[in-house]
Amino acid sequence: MKELQAYIRREGVVLSEHVLKVNSFLNHQVNPSLVMSIGEQFATRFRGEDITKVMTVEASGIHFAFATALSMGVPFIYAKKTKAITQDNGVYTASTYSFTRQQTYQITVSKEFLSHADRVLIIDDILAEGASVKGLREIIDAAGAKLMGVGVVIEKSFQSGRKALDEAGIPVHALARIAAMSPDEGITFLED
């Protein structure tokens, strides 16, 4: 997605070889028209998969999952990083580690919103090591639902997440694939 790559080049800040700051347009301040374009891209890519639910982890993936679900005409679920008092004990849980927060979360999804009949598309903002996807997959498996694919806005292809998903046979569609990045050299995109 050339529009996304242009935003990353123009407004993204490479803090290190592993950390890309995109908070001016994707995950703190958000460009709504870009988010809607991203959702339409994912909806187009996965349209033939009969997706019944779109799923993400709060909070950075919510707007992309919303835009995708809206474009597909299906509900979306976001796994909560802390169990709310409004959730009873009927939840699916999994542990996931956030690289940017340097913290492990016990994510939860209410059982009433995910069943064996669901065909789920995971949407995430950044794929690095794949921890969020791994946690969401555990929840999907626990529900007996079927994971149909993963859509990521930015993939850091030089990290292990994509390889692990490919080895697990999970279809992954990334809108911007970064081959390498550094504060001095900038960003090199992997062209599909």
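**View 1. Contact between helix H1 and helix H2 in the predicted model.** In this predicted model, Glu-3, Leu-4 and Tyr-7 of helix H1 meet Leu-34, Ser-37 and Ile-38 of helix H2. Sorted by class, the residues of this contact divide into 4 nonpolar, 1 polar and 1 charged. H1 covers residues 2-11, and its axis and that of H2 come within 10 Å of each other while crossing at roughly 140 degrees. Because of this angle, H1 counts as oblique to H2. The crossing in which H1 passes H2 is left-handed.

**View 2. Contact between helix H2 and helix H3.** Helix H2 spans residues 32-46 and helix H3 spans residues 62-72, and their axes come within 7 Å and cross at roughly 55 degrees. H2 is therefore oblique to H3, and the crossing of these two helices is right-handed. On the H2 side, the residues that take part are Val-35, Met-36, Ile-38, Gly-39, Glu-40, Phe-42, Ala-43 and Phe-46. On the H3 side, they meet His-63, Phe-64, Ala-67, Thr-68, Leu-70, Ser-71 and Met-72. Taken by class, the contact has 10 nonpolar, 4 polar and 1 charged residues.

**View 3. Two backbone details in loops, at Asp-50 and at Ala-59.** Most residues other than glycine have a negative phi, and most peptide bonds are trans. Asp-50, which is found in the loop between H2 and S3, has a positive phi, near 50 degrees, although this residue is not a glycine. The peptide bond that joins Glu-58 and Ala-59 is cis, with an omega of about 0 degrees. Ala-59 itself lies in the loop that runs between strand S3, residues 53-57, and H3.

**View 4. The largest pocket and its lining.** The space in the largest pocket comes to about 810 Å³. This pocket is lined by 31 residues, of which Asn-27, Ser-60, Ser-98, Thr-100 and Asp-125 are the closest to its centre. Two or more lining residues are given by each of these elements: strand S2 (20-21), strand S5 (91-98), strand S7 (119-127) and helix H4 (131-143). S7 gives the largest share of the lining, with 4 residues. By class, the lining of the largest pocket divides into 13 nonpolar, 10 polar and 8 charged residues.

**View 5. The largest cavity and the residues around it.** Rolling a probe the size of a water molecule over the atoms shows where empty space is left. The structure holds 1 cavity of 30 Å³ or more, and the volume of the largest cavity is about 50 Å³. The residues that line the largest cavity are His-18, Val-19, Leu-20, Thr-100, Ile-126, Ile-154 and Lys-156. Its lining divides into 4 nonpolar, 2 polar and 1 charged residues. Thr-100 can be followed from the previous view into this one, since this residue is named among those closest to the centre of the largest pocket and also lines the largest cavity.

Note on methods:
Residues numbered from 1 in each chain as written. Predicted model: local features only at pLDDT ≥ 70, side-chain atom pairs only at ≥ 80, totals over all residues. Heavy atoms only, no water. Axes fitted to C-alpha atoms, helices over the stretch in contact; angles between N-to-C directions. Parallel < 35°, antiparallel > 145°, perpendicular 65-115°, else oblique. Left-handed = near helix turned anticlockwise from the far one by under 90°. Contact = heavy atoms within 4.5 Å. Nonpolar A, V, L, I, M, F, W, Y, C, P; charged D, E, K, R; others polar. 1 Å grid on protein atoms, 1.4 Å probe; cavity = no way out; pocket = protein on both sides within 12 Å on 5 of 7 lines; lining within 4 Å. Points joined across faces, edges and corners; volume = space filled by probe spheres on them.
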